[in-house]
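Student: Please take one part of this model and look at it closely. Then set it in the context of the whole chain.

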Amino acid sequence: MRKYLWIWAGEVLSTVGSALTSFAMGVWIYQRTDSVSLFSLNLLVYAVLGLALMPLAGVAADRWNRKVVILSADAGSALVTVLVFALVASGQLKIWHVYVLTGTGSALSTFQWPASKALIPMLVSKAQLGRASALSQIGDALAELIGPPLAGSLYVMSGVGLKGILLIDFITFVLASVILLAISIPSYSQISDKKQKSVMEDFKQGWRYITARPGLVGLLVYFLIFNFFLELIYPLATPLLFQTGSPDSAGRAMSVMAMGMFVGIAVMGIWGGPKRRMLGILIPGILSGLLIALAGLRPSLTLITIGGFGYYALLPLIQGNDQALWQAKVEHAMQGRVLAIRSIVPYSVRLITLLLAGPLADDIFEPLMSDNGALADVLGPIFGTGPGRGIGLLITILGLLSSAAAFITYLYPRIRRVEDDIPDALLPVEAEAGI
């Protein structure tokens with residue numbers, strides 16, 4: 001794990017640095033426009049471009065040297081940061097500049113993602129994949145937990161501000177690149193006929209690789225359904241908190257819940273996950289849905305915090321075991337494309353759920369659970385009535401549905417036995433060691 005730990009440390013620094021810049025640029029937009037729509041547009045640009053470019057990024061991770069892909073993406077991101085710094089320093093930064101630069105940053109990070117994930121089995125053995133997968137989630141968790149408050153503090157700090165945050169981000173890119181340059185990476189078989197095939201044909205080859213293995217298809221379908229319910233819950237969680245408690249108590253609850261992710265990552269990092277990865281995916285999936293259902297059950301910050309903490313603690317186990325399973329079962333020359341598809345399919349529902357969540361809560365469930373709503377007499381004694389209780393009911397239903405999806409998937413033998421039906425691939429680190 002030593003090589004990977006060095007690279008991981010650089011990635012964590014880079015991810016947190018990027019989170020600082022992302023939050024600061026959002027503040028900059030909102031301060032100048034006072035527009036939630038223009039602020040949200042910046043987030044939408046990032047999400048849409050990332051999803052659109054993921055197929056190309058997956059092919060690039062298999063066609064080219066993955067170390068070079070990551071270094072190139074880091075260099076490009078550092079150049080974008082320098083450009084933003086120059087525009088800020090000269091007073092020339094405009095709103096449209098931010099959108100263009102955000103899109104560029106999204107494109108570069110999208111190319112880095114499958115290459116960095118496919119790099120993990122080039123450095124660690126199968127026995128360590130669970131731990132490495134857990135560690136790979138820490139950067140995102142830290143970015144989510146400390147990025148906004150740290151960026152907010154630095155943004156208003158005298159002598160730091162936006163320019164200081166950009167400088168910190170640039171330094172983290174440089175450190176991550178220096179570390180990666182210093183680490184030797186085992187060789188691997190790339191696409192042999194990359195000059196004869198189009199990018200789309202290469203990507204289709206990754207899809208055919210998955211469809212030839214029904215267990216992997218079933219796993220994709222499961223996460224498509226599982227993520228659909230979770231993506232519907234995300235935009236509802238914050239309004240539920242603010243309808244249940246004061247802003248400061250809601251903020252404390254969010255911090256406690258976010259700590260659950262670090263507990264889950266620590267458990268996964270120390271334990272490494274079960275030998276049968278499917279158990280580490282589906283059993284936490286069942287439990288996480290029940291905890292989500294608990295969070296919506298009553299207008300209680302305590303219940304919401306317990307449910308949210310438990311959910312966030314189980315999420316690294318689900319994601320870590322899933323990633324380790326794919327990395328162990330997929331031929332290494334195919335991992336860039338296959339991991340890109342694994343990312344695209346479940347998260348493609350995000351735009352749909354963002355459109356559905358608001359109308360479902362505001363136009364259907366909240367009226368149903370108002371003091372005089374159609375379900376007030378039936379479900380009111382359990383869920384309560386009034387503002388936020390329709391959202392609570394909806395979250396409970398979605399939690400139970402996600403738990404049911406995990407349980408039904410466990411009953412399906414082709415998915416449950418995917419580890420038996422698909423032989424392990426030989427990892428580069430094992431080939432290099434003669435295993």
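**A close look at helix α4**

Tutor: Y99 sits in helix α4. Helices (H or I, at least four residues) and strands (E, at least two) are DSSP runs, numbered from the N terminus. The model is predicted, so local features need pLDDT of at least 70 and side-chain atom pairs pLDDT 80 or more, while totals for chains, interfaces and linings use all residues. Residues are numbered from 1 along each chain as its sequence is written, and side-chain values use heavy atoms, without hydrogens and water.

Start with burial. Y99 has a relative accessibility of 16%, so it counts as buried. The cut-offs are under 20% relative accessible area for buried, over 50% for exposed, and partly exposed in between, with a 1.4 Å probe and protein chains only. V98 is also part of α4, which runs over residues 95-119. V98 is buried too, at 2% relative accessibility.

Now the contacts, meaning heavy atoms within 4.5 Å. Neighbours within four places in sequence are set aside. Y99 then touches I29, L38, L41, N42 and V45. V98 meets M25, W28, I29, N42 and L93. I29 and N42 appear in both sets.

Some parts of the chain lie well away from this pair. From Y99 to G264 the C-alpha distance is 35 Å, across 165 residues of sequence. From V98 to L297 the C-alpha separation is 41 Å, with their positions 199 residues apart along the chain.

Next, the cores. A nonpolar core is a set of buried Ala, Val, Leu, Ile, Met, Phe, Trp, Tyr and Cys residues joined through side-chain atoms within 4.5 Å. The largest one has 82 residues, and Y4, Y222, L236, M278, I281, L325 and W326 touch the most other members. Helix α9 (residues 214-244) supplies the largest share of this core, with 13 residues. Y4 contacts I120, L123, V124, A132, L135 and S136, leaving aside neighbours within four places in sequence. V98 belongs elsewhere: a second, separate core of 19 residues includes V98 along with A24, A151 and L154.

Three contacts of Y4, namely A132, L135 and S136, are among the buried residues of α5. Helix α5 (residues 129-136) is mostly covered, with seven of its eight residues buried.

Two other helices give reference points. R66 lies in α3 (residues 66-90). R66 is buried, at 1% relative accessibility. R66 and G380 are 56 Å apart, C-alpha to C-alpha, and 314 residues apart in sequence. A266 lies in α10 (residues 247-271). A266 is partly exposed, at 36% relative accessible area. Its C-alpha is 9.4 Å from that of I138, although 128 residues separate A266 and I138 along the chain.

Now the whole protein. It has 19 helices and zero strands. Its radius of gyration is 22 Å, close to the 22 Å of the globule rule for 435 residues, so the protein is as compact as a globular protein of that length. That radius is taken over C-alpha atoms, and the rule is 2.2 Å times the number of residues to the power 0.38. The C-alpha trace spans about 70 × 60 × 40 Å along its principal axes. Buried residues make up 51% of the 435. Of the contacts between residues at least 6 apart in sequence, 84% join residues at least 24 apart.
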